[in-house]
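Biologist: I've got a new chain open on my screen and I'd like to find my way around. Can we go through it together, one question at a time?

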Amino acid sequence: MLDPEVIAQLADELAEADRTKSVIPRITARFPDATIEDSYAIQGVWRDTMLASGRRLVGRKIGLTSKAMQQATGISEPDYGVMFDDTVYDTGAVIEYDRFSNVRIEVELAFVLNRPLEGPHCTLFDVLRATEYVTPALEVLNSHIELEGRTIVDTISDNAAYGAMVIGGIPMRPDQIDLRWVAAMLYRNEQIEETGVAAGVLNHPATGVAWLANKFHQHGARLEAGEIILAGSFTRPMWVQRGDSVLCDYGKMGTLTCRFA
């Protein structure tokens with residue numbers, strides 16, 4: 001594993017890149033022996049720094065859970081990051097484009113928990129029982145590490161490329177709808193750019209939440225009641241520019257909109 005001093009230095013670099021909206025060289029290019037454990041250690045130092053500054057954790061994001069996303073990034077296993085209170089937007093929001101780097105949009109479902117979830121044997125059915133409701137969500141990707149040639153180590157270190165979330169639509173209990181068949185059409189400036197079905201996320205979006213609970217158990221942690229869990233994208237990421245309007249139609253689960261200014 002990397003020395004603690006190196007881990008702290010890389011976490012500082014990523015925090016500074018977030019402040020300056022810049023991009024740093026790939027960690028794996030500089031430290032080719034860095035492991036996934038190193039990357040979560042870097043993310044953890046960065047997370048603790050953010051919490052110490054007064055930000056409040058409201059949930060977790062899961063990434064790279066669908067074939068579409070794995071093929072788009074060249075990364076073949078899921079990852080996760082943290083979400084803070086100042087990164088959650090309601091549908092219809094005008095979002096500051098300059099707040100992010102390498103801005104892209106993903107189509108997801110968000111699970112809001114009403115009881116804790118804990119591994120090591122958490123199942124899809126445990127997730128459904130622990131979920132108060134599921135709601136449409138858009139994730140805004142925000143990458144502070146150069147994209148070309150990056151690996152899962154780079155992505156995890158960078159808080160799994162999480163920037164923000166837009167939430168809204170029509171929340172539903174898991175027993176009100178077959179979550180596998182939730183479909184979405186993603187528009188940019190009135191043109192359809194991406195479509196997808198939620199079963200693309202590990203055959204059922206709740207499977208990703210179970211994966212996360214079991215992964216957390218390895219770190220001696222659990223998912224808590226009240227947390228929002230972004231279950232992973234079932235479309236490829238869509239690039240956006242300043243001035244773009246975004247609309248995502250989830251059918252029975254309603255629509256989400258935002259604009260980047």
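Biologist: Let's start with a single residue: where does Leu 10 sit?

Modeller: Keep in mind that we're looking at a predicted model. Helix α1 covers residues 4-20. The place of Leu 10 is in helix α1.

Biologist: Is Leu 10 buried or exposed?

Modeller: A residue counts as buried when its relative accessible area is under 20%. For Leu 10 that area is 0%, so the label is buried.

Biologist: How far apart are the C-alpha atoms of Leu 10 and Met 185?

Modeller: Along the chain, these two are 175 residues apart. In space, the separation between their C-alpha atoms is 38 Å.

Biologist: Now the whole chain. What does its radius of gyration say about how compact it is?

Modeller: First, the parts: there are 7 helices and 13 strands. For 261 residues the globule rule gives 18 Å, and the chain comes close to that with 17 Å, so it is as compact as a globular protein of that length. The C-alpha atoms fill a box of roughly 50 × 45 × 35 Å along the principal axes. To come back to what you asked, the radius of gyration is 17 Å.

Biologist: What percentage of the residues is buried?

Modeller: The count runs over the 261 residues in the chain. Buried ones make up 54%.

Biologist: Which helix gives the largest share of the largest nonpolar core?

Modeller: That core has 52 residues, and Leu 109, Phe 111, Leu 138, Tyr 250 and Phe 260 touch the most other members. The largest share is 6 residues, and they come from the helix spanning residues 205-218, α7.

Biologist: And how many residues are in the second, separate core?

Modeller: Our friend Leu 10 turns up there, together with Ala 15, Trp 46 and Phe 84. Those are among its members, and the full count is 18 residues.

Biologist: Here's one about cysteines: why is there no bond between Cys 248 and Cys 258?

Modeller: Both are buried, Cys 248 at 0% relative accessibility and Cys 258 at 4%. A disulfide needs the two sulfur atoms within 2.5 Å. For Cys 248 the closest cysteine sulfur is the one in Cys 258, and that is too far for a bond. The structure holds 0 disulfides, and the gap between these two sulfurs is 9.7 Å.

Biologist: Which element gives the most residues to the lining of the largest pocket?

Modeller: This pocket has a volume of about 250 Å³. Its lining has 19 residues, with Asp 18, Trp 46, Arg 55, Asn 142 and His 144 nearest the centre. The elements that give two or more residues are α1, α3, β2 and β7. The top contributor, with 3 residues, is α1.

Biologist: How many charged residues are in that lining?

Modeller: Sorted by class, the lining of the largest pocket has 7 nonpolar and 5 polar residues. The charged ones number 7.

Biologist: Last one: what is the volume of the second largest cavity?

Modeller: The search finds 3 cavities of 30 Å³ or more. The second largest is lined by Leu 14, Asp 18, Trp 46, His 144, Ser 157, Asp 158 and Asn 159. By class, that makes 2 nonpolar, 3 polar and 2 charged residues. The volume of this cavity is about 40 Å³.

Definitions and conventions
Residues numbered from 1 in each chain as written. Predicted model: local features only at pLDDT ≥ 70, side-chain atom pairs only at ≥ 80, totals over all residues. Heavy atoms only, no water. 1 Å grid on protein atoms, 1.4 Å probe; cavity = no way out; pocket = protein on both sides within 12 Å on 5 of 7 lines; lining within 4 Å. Points joined across faces, edges and corners; volume = space filled by probe spheres on them. Nonpolar A, V, L, I, M, F, W, Y, C, P; charged D, E, K, R; others polar. Core = buried A, V, L, I, M, F, W, Y, C linked by side-chain atoms within 4.5 Å. Buried < 20%, exposed > 50% of the residue type's maximum accessible area, 1.4 Å probe, protein only. Helix = DSSP H or I, 4+ residues; strand = E, 2+ residues; numbered from the N terminus. Rg over C-alpha atoms; globule rule 2.2 N^0.38 Å.
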